[in-house]
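Welcome to a short tour of the salt bridges in this model. Please have the sequence and the 3D view open side by side as we go.

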Amino acid sequence: VLFRSNMTMNPPFITIIGAVQEGTIQKLNSILPTVCSTVVSDKTRFAFERKEHPPHWVGTLPTSFANEEVGQSTLVLALLDALEAEGGWKLKGSNAMNHDFDKVTYKYFFVKTM
């Protein structure tokens with residue numbers, strides 16, 4: 001089973017492709033808004049939206065910022081913690097690409113043995 005996550009920062013835009021459990025998505029929905037560098041307010045709303053073609057999850061935090069020193073690392077760590085809690089996922093590859101001064105995309109590839 002394969003799983004891929006794309007995380008483009010500033011503002012955080014996250015795509016998850018693969019057979020991740022609904023409980024993992026719910027955990028990420030509650031944690032991700034709290035780990036950005038910006039202050040969380042009542043207006044901070046986040047929920048992954050399921051898309052069908054191809055099947056994947058998409059979420060964005062349009063009013064948030066994740067700085068290089070802490071914010072981006074804690075977003076990635078939140079994803080890794082959620083996958084570890086689900087169990088069985090192994091990181092097989094990663095990639096990062098700078099778009100400009102503030103925008104960067106991280107890609108993570110995981111496999112799960114049956």
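## A buried charged pair

E86 and K112 are both buried. This is a predicted model, and here these two residues form a salt bridge, with their closest N and O atoms 3.2 Å apart. The contact joins distant parts of the chain: E86 belongs to helix α2 (residues 71-86), while K112 belongs to strand β6 (residues 104-112), and 26 residues separate the two.

Both partners count as buried because each has under 20% relative accessible area.

## Two pairs among residues 49 to 52

Now let's turn to E49 and K51, whose side chains meet in a salt bridge with an N to O distance of 3.2 Å. How exposed are the partners here? E49 has a relative accessible area of 45%, so it is partly exposed. K51, at 32%, is partly exposed as well.

R50 and E52 also bring their side chains together in a salt bridge, this time at 3.7 Å from N to O. R50 is partly exposed, with a relative accessibility of 37%. E52 falls in the partly exposed class too, its relative accessible area being 47%.

## The overall count

How many salt bridges does a search of the whole structure find? The search returns 3. As you look back over the model, you can find them at E86 and K112, at E49 and K51, and at R50 and E52. The E86 and K112 pair is the one linking helix α2 with strand β6, and both of its residues are buried.

Technical notes
Residues numbered from 1 in each chain as written. Predicted model: local features only at pLDDT ≥ 70, side-chain atom pairs only at ≥ 80, totals over all residues. Heavy atoms only, no water. Salt bridge = Lys/Arg side-chain N within 4 Å of Asp/Glu carboxyl O. Buried < 20%, exposed > 50% of the residue type's maximum accessible area, 1.4 Å probe, protein only. Helix = DSSP H or I, 4+ residues; strand = E, 2+ residues; numbered from the N terminus.
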